Amino acid sequence: MLIMSDSVFHSLRQAPHQFYREYDQSKMKFGSKQVDKNGHDRKRRVSSPIAVLKEEQQRILKKLENFDLPDCMYGGVRCKNSILNALQHLHNDFFFTVDLKDFFKNISNKQIHQTLINLGITFEEARKITRVATLNQSLPQGAPTSTILSNLAFAHTAKVLEAYCKTIHITFTVFVDDLTFSSSKCFKRYRTEILGLISGNKFRINHSKIHYRKGNCEITGLIVKKGRLQLPKVMLQHMDKPGIKAYADKVDQLFKAHIRNSTI
């Protein structure tokens, strides 16, 4: 799978930080910077690979995309997106959203290596891919491979949650580190079991971002309410911007297609 030269791979093993440009980036939402409770910009640490490493990671990405993922996964998956993720919950009234804490950072190199072996990749090849795709013994924010590897690492837990939710008639989807559960009926009593399945599989939960709602819910940037998809107010206020108008048109297009397909 790797075509990186032995000399470059050796250099990467000896001095991995030389292959990344690291910087702090403001967290954005709907085109605006996010701020904390003190009014300060919220930041994320980005580790952007230099060209020679990025090219290798992109080649690995194309190979890893051939592995199957559970149907419930929508982030970083071919032919899926955040709009389709929200549409899965369109006709429900009760919503439970869970955020995984420091998702990339908390997926270790050992976890990635074992995940690749479980997929049938040889021990040595898995070791090389892990070396190329991790930094500081975890997945770096900014590498092309991080999302697909996080999906593959979380796939088993996603399958467990998906199977459990089917038994209690709950719709479940995951968009990278955002988990959404919904139903036409109240399911508060199942929240502890759901959280237990997540933490029991060694994934950390951001307890400040757990929400149970009735009637409407923001799901991957869209408001699901009474069988409709709505753009948040902050986006509606900037419909004159070409990017937001194009996004609104795509939401409308996918919503109408979803309704047509559900009535066939």
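1. In this predicted model, T171 stands opposite S182 in strand β7. Strands here are DSSP runs of E with at least two residues, helices are DSSP runs of H or I with at least four residues, and both are numbered from the N terminus. Residues are numbered from 1 along each chain as its sequence is written. As the model is predicted, local features need pLDDT of at least 70, side-chain atom pairs count only at pLDDT 80 or more, and totals for chains, interfaces and linings use all residues, while side-chain values use heavy atoms, with hydrogens and water left out.

2. The pair T171 and S182 belongs to a longer ladder. Strand β6 (residues 171–175) and strand β7 (residues 178–183) pair in the antiparallel sense over 5 bridges; two strands pair if DSSP finds at least two bridges between them. Another pair in this ladder places V174 opposite L179 in β7. The two strands form a hairpin with 2 residues between them, and V176 in the turn has a positive phi of about 60°.

3. How many of the 5 residues of strand β6 are buried? The number is 4, so β6 is largely enclosed by the rest of the structure. Buried means under 20% relative accessible area, exposed means over 50%, and partly exposed lies in between, with a 1.4 Å probe and protein chains only.

4. The hairpin is part of an open sheet of 4 strands with antiparallel pairing, in the order β6-β7-β5-β8. Its edge strands are β6 and β8, each of which pairs on one side only. On average, neighbouring strands of this sheet are turned by 15° against each other, direction ignored. Axes are lines fitted to C-alpha atoms, for helices over the stretch in contact, and angles run from 0 to 180 degrees between N-to-C directions.

5. Two helices lie across this sheet. Helix α6 lies across β6 and β7 and runs at about 160° to β6. Helix α7 lies across β5 (94–99), β7 and β8, at about 25° to β5.

6. D178 is found in strand β7. With a relative accessible area of 30%, D178 is partly exposed. Leaving aside neighbours within four places in sequence, D178 is in contact with V98, D99 and T173; contact means heavy atoms within 4.5 Å. D178 and T97 are 81 residues apart in sequence, and their C-alpha atoms are 7.3 Å apart in space.

7. Which residues have the most contacts inside the largest nonpolar core? They are M73, F154, F172, L179, F181, I194 and I198, in a core of 55 residues. Helix α6 (residues 146–167) gives the most to this core, with 10 residues. A nonpolar core is a set of buried Ala, Val, Leu, Ile, Met, Phe, Trp, Tyr and Cys residues joined through side-chain atoms within 4.5 Å. In soluble globular proteins, nonpolar side chains tend to be buried together. Not counting residues up to four places away in sequence, I198 touches V98, L100, T157, L161, L179, F203 and I205. A second, separate core of 17 residues includes A86, C217, M235 and V251.

8. The axes of helix α4 (residues 109–118) and α6 come within 9 Å and cross at roughly 75°. The two helices are therefore roughly perpendicular to each other; angles under 35 degrees count as roughly parallel, over 145 as roughly antiparallel, 65 to 115 as roughly perpendicular and the rest as oblique. I112, T115 and L116 of α4 meet L149, L152 and A153 of α6.

9. N206 has its place in the loop between α7 (191–200) and β8 (211–214). Is N206 buried or exposed? Its relative accessible area is 15%, and N206 is buried. Apart from neighbours within four places in sequence, N206 is in contact with D99, L100 and K101.

10. A further open sheet has 3 strands in the order β9-β10-β11, with antiparallel pairing. β9 (216–219) and β11 (228–230) stand at the edges with a single partner strand each, so one side of each is left without a neighbour in the sheet. Neighbouring strands here are turned by 30° against each other on average, direction ignored. Strand β10 (residues 222–225) is joined to β11 by 3 bridges, and the bridge partner of I223 in β11 is Q230.

11. The loop between β10 and β11 holds K226. At 72% relative accessibility, K226 counts as exposed. K226 and M73 are 153 residues apart in sequence and 24 Å apart in space, C-alpha to C-alpha.
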